Each structure stands twice: as structure tokens, then as C-alpha cells.
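Welcome to a short tour of a protein chain. Please have a look at the sequence and the fold before reading on.

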Amino acid sequence: NRDVYTDGYPASLSGDQTVGTMLNRDVYMNGRSGQYTILYDGDGILLVSLTSVKTVKRREKGRIDIKLELSTDFNNGLFVTIAKTNPADPIRNIRVIPTEALEQYDIFP
């Protein structure tokens, strides 16, 4: 059982609970491989997985930089999991932005 905000993000997780979502699945190779930055608000542990995530280049509170190489492999894509979240400041507002577009994102979020 978990508490959920109206925006869909979990307000809390108990014990070994996690919650995740597929953010990219590209079986037809229409997406773009490259450097991506995952930004999020709140406090907790955010994990990235699947075969398209080749490298986690940087990890700090509120930000994860990854190298994504899209493919048609069986487990391709980008899956993001909230492994832990602080009920006083839960993880929310997860955004995946091409790193080359961060400057524009800062001006026009």
C-alpha cells in the first residue's frame, strides 16, 4: 500500500517497496541516442536501468547524467525506479532532457 499524490508520484514507500516506469522504449529506432540528464525534485534514491543505459556519468541529488544508446535489444529503453523517497520531501517531477538542450531548458522549462 502506498500514498500517492494527485500528480501520480508516491508520497512514501514502505519497506522494500519501489515504483518505476518505462520512460523510453524504442523498438523501431525512432529515438535519439546520446547524453541525457535526468532532473528530479525531492530527496531519495532514483535508479536507471535497461540495456540502453550504457553509462551513468554523474549522480548527485536532483540530477543523473547518463549515456543512452538506443537499440532493438530485448530489454532496450530507459526504465526509472524510485527506490527510496523521503516522505517529508518525496521524489517528484522527473524530467529527461538531452544534455545538449539543458541551457535552453533552464531558460524555457
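What follows is a report on one sheet and two residues of this predicted model.

Let us begin with the sheet. Four strands make up an open sheet, arranged in the order 4-5-2-7 with antiparallel pairing. Its edges are strand 4 (53–60) and strand 7 (92–98), each of which pairs on one side only. On average, and with direction ignored, neighbouring strands of this sheet are turned by 20° against each other. Within the sheet, strand 2 (residues 34–41) runs antiparallel to strand 5, and six bridges join the two. Leu 39 has Arg 63 of strand 5 standing opposite.

Next come two residues, set side by side with their burial.

| Residue | Location | Relative accessible area |
|---|---|---|
| Leu 46 | strand 3 (residues 44–49) | 1%, buried |
| Asn 76 | loop between strand 5 (63–68) and strand 6 (78–85) | 1%, buried |

Why does Leu 46 count as buried? Leu 46 has a relative accessibility of 1%, and buried means under 20%, so the residue falls within that class. Beyond its neighbours within four places in sequence, Leu 46 is in contact with Ile 38, Tyr 40, Arg 59, Ile 64, Val 80, Thr 81, Ile 82, Ile 91 and Ile 94. Thr 85 lies 39 residues from Leu 46 in sequence, and the C-alpha to C-alpha distance between them is 8.5 Å.

Asn 76 is a buried residue too, at 1% relative accessible area, but its place is in a loop. A polar atom of the Asn 76 side chain lies 3.2 Å from the backbone oxygen of Ser 71.

Definitions and conventions: Residues are numbered from 1 along each chain as its sequence is written. This is a predicted model: local features need pLDDT of at least 70, side-chain atom pairs count only at pLDDT 80 or more; totals for chains, interfaces and linings use all residues. Side-chain values use heavy atoms; hydrogens and water are left out. Buried means under 20% relative accessible area, exposed over 50%, partly exposed in between (1.4 Å probe, protein chains only). A polar contact is a pair of N or O atoms within 3.5 Å; within protein, one must be able to donate a hydrogen and the other to accept it, and residues adjacent in sequence count only if both atoms are side-chain atoms. Contact means heavy atoms within 4.5 Å. Two strands pair if DSSP finds at least two bridges between them. Axes are lines fitted to C-alpha atoms, for helices over the stretch in contact, and angles run from 0 to 180 degrees between N-to-C directions.
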